Amino acid sequence: MSPAHRPIAAAIAAAALAAGGVVASAAPAAAASGDLLISEYVEGLSNNKAIEIYNPSTQAVDLAAAGYKLQVFFNGGATAGFTADLTGTVAPGDVFVFAHASAAPAILAQADQTTASGLFNGDDAVALVKGTAAVDVIGQVGADPGTEWGTGLTSTADNSLRRNAGVGVGDADGTNPFDPAVEWSGYATDTFDGLGWHLTPSDPDPEPVADCAATPVTIGSVQGSGAASPIQGQDVLIEGVVVGDFQTGGYDGYYVQDAGDGDPATSDGIFVYAPGGAAVNPGDSVSVAGEVAEYYGLTQVVAGDVEVCATGQALPTAAELTLPATTAQREALEGTYVTLPQNLAIGETFEYGRFGTITLTNGRLDQPTAVVEPGAAANALAAANLENSITLDDGRGSQNPDPALHPDGAVFTLEHSFRSGDLVQNANGVLDYRFDTWGVQPTEGADFTLANARTGVPDVGGDLKISSFNVLNYFTTIDPTPTNDRDDDRTRGADSEEEFQRQQDKIVAALADIDADVFGLLEIENNGTAVKALADALNAKVGAGTYVPVTTGVIGTDAIATALIYKPSTVTPVGGYQLMTSAVDPTWSDDRHRPGLTQRFAASASGDEFVVSVNHLKSKGSACAESPDLKDGQGNCSASRTAAAKALTNWLNTTVAPDGRAIVIGDLNSYDHEDSIDAFVAGGFTDLEKQFNGEHAYSYVFDGQLGYLDYALAQPALTADVSGVEAWHINSDEPSLIDYDMSFKQPAQDALYAPDPYRSSDHDPVIVGLNLTPDTTAPTIEVTADPELVWPPNNGMRTIEFTIDAADDRGEVSVELTEVSDTGARASWTQVDDDTFEVKAVFGAVYRFTWTATDAAGNTATDTAEVVVGR
């Protein structure tokens, strides 16, 4: 049963490096055979690096007590440039995974020890050392192979290598030539599905053998009702109908379901791992003999012998799985044929292009701290969100699958796409648990409904627009070593000129359509020239001289910065730019936040001035020692962001914009119920997205949950001029498969590209409309009386009610009664409330009531209603 991690040999911890750091040491001498060995090597893109170590013995091994360490010999070096002392215990037949701390989640889910230091590339030798003697070496110490040892997939560069079955002793001689093809099998870049479990098919064939005439055990007894099978490591004979065939595509197996054991707590289906086994088809009844194992928390039978007992059998009725669903409810259906009958929303699509997966959610889910306060409420909503989501996979374990498949089973194209918020119903397939995630491996296409169509640029009104736009690492510096991740902290953008052009064309298309008068840009290269390059590219599309940048040069020390471009035809800078840094307020951390770029502008048409402050605060992802994650839903560094918010609001209120006409835009890396946004509001700033679009506004989708990190926060005087605010959902709802990046795509998926605004970033742009030109248009007002004619004229008092309709083209209008006149010697009146009066019914009397409407600019209009008695 699942979910349960495989038995972990040691807790995940930072690598204990020799003498507290990376230490060079001499090449180790060879050790005796018959010790631990390296069973898997992952040399993926960026920091996707891992070494799996296997214990083939019958005794547990204490790594620290035995003196085990990993060493890396860089670029043909004869001495180790990196050494990590290994800690923890490896059980017999189990593995230990050492990985980079910034590796992909699928790697970290299996990691027993991590390091933040740079690890190996394809031309570096890696040694497993015990004491001072090597017990296994990948590569040749002291020899530089150029880029890799081996060729094709079976090489050390950008591939994964798995030790072949039957290899029980490591290559302890690190000085001999190394050919990975001798003892290793190669897999494509960023293949992680072998980590955490080492299969040794050289063991004796399992007993009993497959036999359709023999009596099998129930699959439920194999699954058990706990978190893992109660009979791991034992040989079993099962029999059932194949309900899902995934022998091709990377999973190397199929799912078998029997008639059940009558226990609703135990699953009646199971995965049969059968790499290279005889082909089976859905509807085949099969007898399977093999060993029970847990793999990434998925219970499976490793097939030793299979016999087809019958073909063309009816599949069992699909069990209905509805959300919310608890872990126990899912465990009881693991490996069985299921259907998702609800109309579920597409939530997360980030891993769709890379792994073929999307997240389905029971309605669109909110980020907890976007709608409730941090703490218990946020944590409760986070738990509820988990129960209301499930993965829809594509039945393939390979990365960068071709073709990409639409949830309805057809091929994904630009013309047949989907967005987060679209609906999927009746997804049928097998429920399984991989990479710490519950998912349905589909056996047919689901019903699909377009429910979140693309829209045009939002109409925010006004006569001037400001926009915040995260340009997702727009770097004019092309990564000179795209296969080497050691410089990725400085070259974060495109890996080639082709990628750069694709990226720039999408960003320019979006900026041109928004047509803002002032753009605040985030994640632009901090080289002093990238902002001009982007402005030049935009002008090439919309007209020479349309936009100019605020020239700042390099600001701060990070690789990315904030930037401003503006239309000189509509706004003019007033004075020079200013930066919010620790020099202004020591509570602002220069190490955590990019400098806040701030500029005052004047509107050309009216002369009205306003201040734009573009900010990018510290992210939630990486830790801040002085501001740890309090586990309240705000993530890392909340206190640091809150201090920055207080410093910024104080500076703007007292020094930069005491006139109350500043707006803060940018990526504040906080959802709107978090402490840092509370600090802005306490400082007098209005959260314009919440004011105009309500509690469920969003500009970003993360883990299938909605919220906004991209803000427009205005001081009171400028808030009065805001005509509208909206995020344009061109990025957050779009699958990343259609972005510019070509790193993780097959050629057919690279072709799923258009130079349009969609997926030009991962954040949606936020657009703000302002009314700044003089308002010379009077409001409208119409007054009617009920009744207009009073009868009979009996000199009594009669009630008159007035209806006053007043409006203005720029928002609020005030109305007041400015005059009452009457004719007739005995006429009189009294006011009951704002729009109700009493008049004396004197024959021939005429009463005139005049109201005046006044708009925010002081323009007025009047209307008079008459009440006549007895005529």
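This section describes selected strands, aromatic rings, charged side chains and helices of a predicted model.

Strand β9, which covers residues 95-100, provides a starting point. Of its 6 residues, 6 are buried, so the strand is largely enclosed by the rest of the structure. In a regular strand the side chains alternate between the two faces of the sheet. In β9, Val-95, Val-97 and Ala-99 point one way, while Phe-96, Phe-98 and His-100 point the other way, and all of them are buried. Strands of a sheet pair through backbone hydrogen bonds, and this pairing may be either parallel or antiparallel. Both senses can be found around β9, since strand β4 (residues 49-54) pairs with β9 in the antiparallel sense over 5 bridges, whereas strand β10 (residues 113-115) runs parallel to β9 and is joined to it by 3 bridges. Ala-99 takes part in both pairings, standing opposite Ala-50 on the β4 side and having Thr-114 as its bridge partner in β10.

Further along the chain, an open sheet is built from 4 strands in the order β46-β48-β51-β50, and the pairing within this sheet is antiparallel. The edges are occupied by β46 (780-786) and β50 (829-833), each of which has a single partner strand, so that one side of each is left without a neighbour in the sheet. Neighbouring strands of the sheet are turned by 25° against each other on average, when direction is ignored. The edge strand β46 is joined to strand β48 (residues 797-807) by 7 bridges, with the two strands running antiparallel, and within this pairing Asp-786 has Glu-801 of β48 as its bridge partner.

Aromatic side chains were examined next, and a search of the whole structure finds 27 aromatic pairs. In one of these, the ring centres of Phe-246 and Tyr-255 lie 5.8 Å apart and the ring planes meet at 80°, so the pair is classed as edge-to-face. Because residues under 20% relative accessible area are counted as buried, Phe-246, with a value of 5%, is buried, and Tyr-255, with a value of 0%, is buried as well. The rings of Phe-837 and Phe-849 have their centres 4.9 Å apart and their planes at 55°, so this pair is described as tilted. The pair links distant parts of the chain, with Phe-837 in strand β51 (residues 836-840) and Phe-849 in strand β52 (residues 846-855), 12 residues apart. Phe-837 and Phe-849 are both buried, and they belong to one aromatic cluster together with Phe-802, Trp-829 and Trp-851.

Aromatic rings also lie beneath charged groups in this model, as two arginine residues illustrate. Arg-162 is placed over the face of Tyr-187, at 3.9 Å from the ring centre, while the charged end of Arg-354 sits over the ring of Phe-744, at 3.6 Å from the centre of that ring.

Finally, the packing of two helices was considered. The axes of helix α8 (residues 497-514) and helix α9 (residues 530-542) come within 9 Å and cross at roughly 65°, and the crossing of α8 past α9 is right-handed. On the side of α8, the contact is made by Gln-504, Ile-507, Val-508, Ala-509, Leu-511 and Ala-512. The residues that meet them from α9 are Ala-533, Leu-534, Ala-537, Leu-538, Lys-541 and Val-542.

Note on methods: Residues are numbered from 1 along each chain as its sequence is written. This is a predicted model: local features need pLDDT of at least 70, side-chain atom pairs count only at pLDDT 80 or more; totals for chains, interfaces and linings use all residues. Side-chain values use heavy atoms; hydrogens and water are left out. Two strands pair if DSSP finds at least two bridges between them. Axes are lines fitted to C-alpha atoms, for helices over the stretch in contact, and angles run from 0 to 180 degrees between N-to-C directions. Rings of Phe, Tyr and Trp (its six-membered ring) pair if their centres lie within 6.5 Å; planes under 30 degrees apart count as stacked, over 60 as edge-to-face and the rest as tilted. Buried means under 20% relative accessible area, exposed over 50%, partly exposed in between (1.4 Å probe, protein chains only). A charge sits over a ring if NZ of Lys or CZ of Arg is within 6 Å of the ring centre and within 35 degrees of the ring normal. A crossing is left-handed if the near helix is turned anticlockwise from the far one by less than a right angle, and right-handed if clockwise. Contact means heavy atoms within 4.5 Å.
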